[in-house]
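Thank you for making the time this morning. I would like to walk you through one structure, going from its sheets to its core and then to a few places in the backbone.

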Amino acid sequence: RRRVLQAAVGVGGVAALGGLGALRSSTSIAAPPPRGSTNRLFIPPSVTPDTALTAASGQVDLGGGTVGKALVYNGTLPGPNFVVRRGDAVAVPFTNNLDAETTVHWHGLIVPTAEDGQPHEAIAPNGTHTYAFTVKQRAGMSWYHPHPHLATASQVAYGLAGGFIIRDSVEDALSVPSEAYEVPLVIRDANVDKAGNLSYNGKASGFTGNIALVNGTRDAALEVDQTWYRFRILIGSNSRLFNLTLSNGATFRLIGNDGGLLPTAVDVPAMELSPGERVDVLVDCSGLAATQTVGLVDTNSGWPLLRLTGSGKPGGLGAVATVPAAGEGLSSDGPTFGDIAPVTTRLFSFDGMTRINGVVYDMALNSFNVPAGDVEDWVFRTNGNAPHPVHVHGASFKVMSRDGGRRRLFPWEEGWKDTVLLHDRETVTVRLRFDSGYKGRYLLHCHKLEHEDAGMMLNFTVV
Ligand code: C2O
Ligand code: CU
């Protein structure tokens, strides 16, 4: 059950610049600073949608000699990566071997209330529940994590999270890397104590750890062949925002986000992303010579997150010779209700660190009802202590505008989203329609998990 010990990968000195062939940029950006060691990136196992899942405490190897206690799904951090096809029936027998209540929330998946892992559906220690639902939505990367009342932040911080990838025929028709060339990256920060155990000291204002973990690996490195890579990125931090760039100034070819493929591919030099958001990007490593390195860097913290080191070998099974060009169409199944006038407009003020519209979360309170099938505009406004990544359960939304159109939307805010970042004093309008056929209680909350636990959450009911 324990994950394989990670061998240290010797990487010579400072990263070489300008290795990324086609996406090479003349702008030279400082390479990540040299580190004492780099550790082979852990890739969580891919599993089918009938795989049993257990939450328990366990020992994990974070790399670089850091082995310590964490909370883990099926023994690994992150937990296994579910890979399913649209239309699949999911039946995951879950066992809670923690010493506290937990739930499994399928973030981004539209599932019935009883399978949504809400705080109301807590599973006691030694309890079990088989999460069963049918995947009706389009291809994309969702994820799963605990959502118990008042303890979501700590359980996630101690390690509980995993990826959930949906495939479909629209995605099948694209020429994109697969197999070893499609790599999930769960990016977060963490603290470890002297013994190497994950530690956590979040307060209502948030939590920022002092090391980065990519797939649970600190100072992570990945040896890359001379071909395109597809990185499925999830920001799995509690509070920290990441501004992702490549150290040689090359761009990412962005093809997807929370809700799957974007309408068109677009090249972006940087992506500022908040807890819960996902992006699907292609990176051209075809020009990277053996031992040359390029870093995936967070420019907010200055941290090198992942060092890509050239193997000097051509791409093998799963590599593709061409990928969608910037500007090329990817999918036409985006939100279709963008032009429909909303039946109802609701305003939500994210106040301080603990309230929405002045109210602290109360499990027993239903804040409002949404008629199934109505198009609604939800207007999110911040009132201090932002950023707030705002997340909705039960439906995906289309981001309509930021500050009434005075500020632009980011390229990863096209298509379908379930989490949207608000900075201080911003107002973001999203349009949504609960048309899954499921009725019942869902949640709206800030995905800064400390804000969520402190009360920045509400229940609503689809009727
Ligand atoms: Cu990722 Cu309600 O959460
Ligand atoms: Cu918040």
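Before I point at any pair of residues, let me say what pairing means here: two strands are taken to pair if DSSP finds at least two bridges between them. Please also keep in mind that this is a predicted model.

With that in hand, take strand β16, residues 242-246, and strand β21, residues 293-298, which pair in the antiparallel sense over 3 bridges. Within this pairing, Leu-246 stands opposite Leu-296 of β21. Both strands belong to an open sheet of 6 strands, whose order is β1-β14-β22-β21-β16-β19 and whose pairing is mixed. At the edges of this sheet are β1, residues 39-40, and β19, residues 271-273, each of which pairs on one side only. As general background, the strands of a sheet pair through backbone hydrogen bonds, either parallel or antiparallel.

The parallel part of the sheet can be followed through β14, residues 220-226, a mostly covered strand in which 5 of the 7 residues are buried. Strand β14 runs parallel to β1, to which 2 bridges join it, and there Asn-39 stands opposite Ala-220. Strand β14 also runs parallel to β22, residues 303-314, this time with 6 bridges, and here Glu-223 has Thr-309 as its bridge partner.

Let me turn from the sheet to the core. The largest nonpolar core has 121 residues, and those with the most contacts inside it are Ile-187, Val-214, Val-281, Leu-305 and Leu-306. Strand β15, residues 228-235, gives the largest share of this core, namely 6 residues. The core also draws at least three residues from each of domain 1 and domain 2. If we look at Val-214 and leave aside its neighbours within four places in sequence, we find it in contact with Leu-41, Leu-185, Ile-187, Ala-220, Leu-305 and Leu-306.

How are those two domains placed with respect to each other? The domain assignment gives domain 1 as residues 44-168 and domain 2 as residues 344-462, and their centres, taken over C-alpha atoms, are separated by 23 Å. Across the boundary, 14 residues of domain 1 are in contact with 15 residues of domain 2, and on the domain 1 side the touching residues divide into 6 nonpolar, 6 polar and 2 charged. From the record, an unreviewed UniProt entry lists "domain: Plastocyanin-like" for residues 57-169 and 353-462. In the model, residues 57-169 are 6% helix and 44% strand, with end C-alpha atoms 38 Å apart, while residues 353-462 are 5% helix and 46% strand, with end C-alpha atoms 26 Å apart.

Now let us look at strand β31, residues 440-446, which is largely enclosed by the rest of the structure, because 5 of its 7 residues are buried. Strand β31 pairs in the antiparallel sense with β27, residues 388-392, over 3 bridges, with Val-392 standing opposite Leu-444. Strand β31 is also joined by 6 bridges to β32, residues 457-462, again running antiparallel, and in that pairing Tyr-442 stands opposite Phe-460.

Is Val-420, which sits in strand β29, residues 419-422, buried or exposed? Val-420 counts as buried, because 27 C-beta neighbours lie inside 10 Å, and the cut-off for that label is 20 or more. Not counting residues up to four places away in sequence, Val-420 touches Val-390, Val-399, Glu-413, Val-428 and Val-430.

I will end with the backbone. Most residues other than glycine have a negative phi, and most peptide bonds are trans. Against that background, the bond from Leu-77 to Pro-78 is cis, with omega near -5°, and Pro-78 is found in the loop between β4 and β5. Another cis bond joins Ala-386 and Pro-387, with omega about 5°, and Pro-387 lies in the loop between β26 and β27.

Two residues that are not glycine show a positive phi: Asn-126, at about 70°, and Asp-219, near 50°. Asn-126, in the loop between β7 and β8, is exposed, with 10 other C-beta atoms within 10 Å. Asp-219, in the loop between β13 and β14, counts as buried, with 26 C-beta neighbours inside 10 Å.

Notes:
Residues are numbered from 1 along each chain as its sequence is written. Chains are lettered from A and ligands numbered from 1 in the order in which they are written. This is a predicted model: local features need pLDDT of at least 70, side-chain atom pairs count only at pLDDT 80 or more; totals for chains, interfaces and linings use all residues. Helices (H or I, at least four residues) and strands (E, at least two) are DSSP runs, numbered from the N terminus. UniProt positions are given in the numbering used here, feature names are shortened, and annotations may be inferred rather than shown by experiment. A residue is buried if 20 or more other C-beta atoms lie within 10 Å of its own, exposed if 12 or fewer, and partly exposed in between; C-beta atoms are placed from the backbone. A nonpolar core is a set of buried Ala, Val, Leu, Ile, Met, Phe, Trp, Tyr and Cys residues joined through C-beta atoms within 7 Å. Domain bounds come from an automatic or database domain assignment. Two residues are in contact if their C-beta atoms, placed from the backbone, lie within 7 Å. Ala, Val, Leu, Ile, Met, Phe, Trp, Tyr, Cys and Pro count as nonpolar, Asp, Glu, Lys and Arg as charged, and the others, Gly among them, as polar.
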